[in-house]
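Visitor: I should like to learn how the main features of a structural model are read. Please take me through them in turn.

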Amino acid sequence: MNTSASGTGQQDKVGGLAALYLGAAYVVAMPFFLVFVRYMDVVDPVEKVNALIANHDSMRIMNLITYVVFGIVLAVLALSLHARLRRGAPALSQAATVVGCIWAAMLVASGLTFNAGMAAVVDLHATSPAQA
């Protein structure tokens, strides 16, 4: 049974759950990075490396939640919105879907890149703190 203008009820539910996850991820991530880790307050490179080392595991998990998983869920939301809005505004819906999917891919890539770089810095610091 079709419960929305163009999408199915299942697509609407998945899109709604995706939107809720995206909002919840921001609500969790902002206090974590701004209050707990205070990563943005650290400007000295040595202190930044020390912050990465001290918070490596928790930052890796939060980056997975707020970048990698966030990007995947954002793609789901973009596709769900496209299914819902394609009849009313097809050109706008297509453009928004392309932008959403590109943004999602960039989020996944940047999250994976940051986690790989952070792991390299932590590993390098164990053998040569000056080079880290």
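Guide: The discussion below moves from the overall fold to the pockets and then to individual residues.

Guide: This is a predicted model, in which local features need pLDDT of at least 70, side-chain atom pairs count only at pLDDT 80 or more, and totals for chains, interfaces and linings use all residues. Residues are numbered from 1 along each chain as its sequence is written, and side-chain values use heavy atoms, with hydrogens and water left out.

Visitor: How many helices and strands are there in the chain?

Guide: Helices (H or I, at least four residues) and strands (E, at least two) are DSSP runs, numbered from the N terminus. The chain has 4 helices and 0 strands, and its pattern along the sequence is α-α-α-α.

Visitor: What is the radius of gyration of the chain, set against that of a compact globule?

Guide: The radius is taken over C-alpha atoms, and the globule rule is 2.2 Å times the number of residues to the power 0.38. For 132 residues a compact globule would have a value near 14 Å, whereas the chain has 19 Å. The C-alpha trace spans about 60 × 25 × 20 Å along its principal axes. Contact means heavy atoms within 4.5 Å; of the contacts in the chain with a separation of 6 or more, 70% are between residues 24 or more positions apart.

Visitor: How is empty space located, and what is the volume of the largest pocket?

Guide: Rolling a probe the size of a water molecule over the atoms shows where empty space is left. On a 1 Å grid over the protein atoms alone, a cavity is a set of points where a 1.4 Å probe fits but cannot get out, while a pocket is an open set with protein on both sides within 12 Å along at least five of seven lines; lining residues have an atom within 4 Å of a point. Grid points are joined across faces, edges and corners, and a volume is the space filled by probe spheres set on the points. Here the largest pocket holds about 380 Å³. It is lined by 16 residues, of which Ala 29, Phe 33, Asn 63, Thr 66 and Tyr 67 are the closest to its centre. Helices H1 (9-37), H3 (56-85) and H4 (90-127) each give two or more residues to this lining, and H1 provides the largest share, 6 residues.

Visitor: Which classes of residue make up that lining?

Guide: Ala, Val, Leu, Ile, Met, Phe, Trp, Tyr, Cys and Pro count as nonpolar, Asp, Glu, Lys and Arg as charged, and the others, Gly among them, as polar. The lining of the largest pocket has 14 nonpolar, 2 polar and no charged residues.

Visitor: Which helix gives the most to the lining of the second largest pocket?

Guide: That pocket has a volume of about 220 Å³. Its lining numbers 14 residues, with Ala 78, Leu 81, Ala 96, Thr 97 and Gly 100 the closest to the centre. H4 gives the most, 7 residues, and the lining divides into 10 nonpolar, 4 polar and no charged residues.

Visitor: Is Ser 93 buried or exposed?

Guide: Buried means under 20% relative accessible area, exposed over 50%, and partly exposed in between (1.4 Å probe, protein chains only). Ser 93, in helix H4, counts as buried because its relative accessibility is 5%. Beyond its neighbours within four places in sequence, Ser 93 is in contact with Leu 81, His 82, Leu 85 and Arg 86. A polar contact is a pair of N or O atoms within 3.5 Å; within protein, one must be able to donate a hydrogen and the other to accept it, and residues adjacent in sequence count only if both atoms are side-chain atoms. The side chains of Ser 93 and His 82 form such a contact at 2.7 Å.
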